[in-house]
Amino acid sequence: MTNSCDVIIAGGGVVGSSIAYNLMADGFTGRVVVFERDPVYEHASTPRSAGGIRQVFSTEVNVRMSQYGLEVFQRFEEDMAVGGEAARIDFKRRGYLFLLNDRMLAAMGNQLTLLRRLGVRVEVLTPQETKSLIPELRVDDLAASVYSPDDGYMDPYSVMQAYVRKAKSLGVEYVRGQVAALMRDEQGRMAGVRLESGEVWRAPVVVNACGAWSGDLSRTIGVDLPVAPLPQQVFCFDPGDPVQTPLPLTVDVSGVYFRHEGRKVIAGRGEVGAFRYDFGWQKATFEQKIWPSLAERSPNFERLKLERGWAGLYDYNPVDHNGIVDGYDDIPGYYVATGFSGHGLQHAPAAGKAVSELIRLGRLETLDVSALSPERFRVGQLVVEDAII
Ligand SMILES: Cc1cc2nc3c(=O)[nH]c(=O)nc-3n(C[C@H](O)[C@H](O)[C@H](O)COP(=O)(O)OP(=O)(O)OC[C@H]3O[C@@H](n4cnc5c(N)ncnc54)[C@H](O)[C@@H]3O)c2cc1C
């Protein structure tokens with residue numbers, strides 16, 4: 001075996017592995033090698049994610065990518081089975097529930113119009129209707145809530161592992177190794193990668209799917225990819241007084257989100273702070289920023305017991321908070337799928353399908369995600385997503 005192949009994918013998280021899987025499932029016959037530096041995925045974002053999938057976005061491309069993701073996850077267990085063993089991902093279609101004050105409700109008008117035009121089942125509930133949905137909630141301060149019953153959440157680690165297993169079963173090779181630099185040839189085309197070990201692998205197509213680390217990798221060929229590591233903390237607690245109603249992924253007025261994790265509950269809040277590779281979580285953050293909102297929202301959360309926490313990185317695009325998915329006209333063979341800013345798990349099926357089509361066919365067929373091309377930064381046509389959690 002020489003160190004050459006047809007497609008190199010740098011990063012074997014949910015996005016890289018979805019691309020690898022889709023390529024093979026779509027009939028690609030070349031040699032595909034995924035380089036993943038950490039086979040146990042200790043710091044990868046995917047296993048640290050909250051596992052949510054929702055159609056309630058403010059941009060058409062994101063709604064459509066989630067709709068595609070829902071279709072894929074609905075059949076995932078069977079489609080991704082290997083050797084007759086189903087790919088269990090614990091997908092719970094319990095919906096998303098956004099609790100709103102007057103100002104938030106007024107601001108959602110255009111978004112609701114968009115969602116309905118795109119066929120999303122979305123209901124505006126009065127405070128009393130919200131309480132009938134989850135009797136454990138306090139609703140007296142709410143103007144309304146928005147409920148999308150077809151959305152839900154799943155186990156992100158199992159989703160990623162299912163893609164890895166299925167991709168391998170279809171012939172994809174996973175090689176343990178850190179990609180130190182991308183390589184171009186004299187004409188400027190993509191030529192391969194150099195690993196930290198010094199080993200060189202050649203391929204005419206290289207996909208950068210390194211998540212929060214993808215901006216750093218892109219800089220090795222001087223391409224400015226606006227993706228930075230944005231730390232986020234998640235907490236798991238025993239509510240003490242159990243919430244009997246199976247919780248939708250509920251987003252409080254304060255921005256704190258919570259959902260069931262078995263009999264426990266996990267909660268967090270999207271934070272925008274300094275960009276850094278930081279995996280520390282603080283009990284004080286929970287006590288000061290999360291618990292007060294939880295306790296106010298439900299008496300069941302007043303005497304909760306915090307059990308554990310963790311921190312992971314958003315692959316954050318500070319320019320317009322959206323995925324970046326496409327090739328580069330001026331660097332033939334270079335593709336990126338990154339920058340998902342908190343929604344990369346749910347958009348991994350669509351991103352994988354799109355990159356597979358771009359590589360195999362040179363065009364998008366299934367879903368038009370051209371709005372997410374990095375070309376948008378050059379021409380100033382940003383796709384600003386307001387509904388970031
Ligand atoms: C706390 C939290 C909650 C989230 N909640 C949700 C949610 O509810 N729903 C949702 O859709 N998304 C959510 N996300 C976002 C989602 O987790 C990410 O967008 C998604 O997992 C990104 O997948 P990825 O494969 O690009 O990145 P990763 O999973 O990070 O995979 C990238 C891989 O690349 C490897 N790598 C990096 N650099 C190199 C290199 N140079 N050489 C070789 N390998 C390399 C890493 O080891 C890693 O395994 C959340 C994220 C966090 C942190």
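Helices are DSSP runs of H or I, at least four residues long, numbered from the N terminus. The model is predicted.

**Exercise 1.** Find what follows helix 7, and give its phi.

Solution. Start at helix 7, residues 156-169. Gly171 follows this helix. The phi of Gly171 is positive, near 110°.

**Exercise 2.** Compare the span expected for helix 7 with the distance between its end C-alpha atoms.

Solution. Helix 7 has 14 residues. The expected span takes 1.5 Å times one less than the number of residues. That gives 20 Å for helix 7. The end C-alpha atoms are 20 Å apart, so the two values agree.

**Exercise 3.** Is helix 7 largely enclosed or largely open?

Solution. Buried means under 20% relative accessible area. In helix 7, 10 of the 14 residues are buried, so the rest of the structure largely encloses this helix. Among the buried residues are Pro156, Met160, Tyr163 and Lys166. Their cover includes helix 1, helix 2, helix 3, strand 8 and helix 10.

**Exercise 4.** Describe how helix 1 packs on helix 10.

Solution. Two packed helices are described by an angle and a distance between their axes. Helix 1 (residues 14-25) and helix 10 (residues 344-361) meet at about 45°, with axes 7 Å apart. Helix 1 is therefore oblique to helix 10. The crossing is right-handed. Helix 1 brings Val14, Val15, Ser18, Ile19, Asn22 and Leu23 to the contact. Helix 10 brings residues including Leu345, Ala348, Lys353 and Arg360. The contact residues divide into 10 nonpolar, 5 polar and 2 charged.

Terms used: Residues are numbered from 1 along each chain as its sequence is written. This is a predicted model: local features need pLDDT of at least 70, side-chain atom pairs count only at pLDDT 80 or more; totals for chains, interfaces and linings use all residues. Side-chain values use heavy atoms; hydrogens and water are left out. Axes are lines fitted to C-alpha atoms, for helices over the stretch in contact, and angles run from 0 to 180 degrees between N-to-C directions. Helices (H or I, at least four residues) and strands (E, at least two) are DSSP runs, numbered from the N terminus. Angles under 35 degrees count as roughly parallel, over 145 as roughly antiparallel, 65 to 115 as roughly perpendicular and the rest as oblique. A crossing is left-handed if the near helix is turned anticlockwise from the far one by less than a right angle, and right-handed if clockwise. Contact means heavy atoms within 4.5 Å. Ala, Val, Leu, Ile, Met, Phe, Trp, Tyr, Cys and Pro count as nonpolar, Asp, Glu, Lys and Arg as charged, and the others, Gly among them, as polar. Buried means under 20% relative accessible area, exposed over 50%, partly exposed in between (1.4 Å probe, protein chains only).
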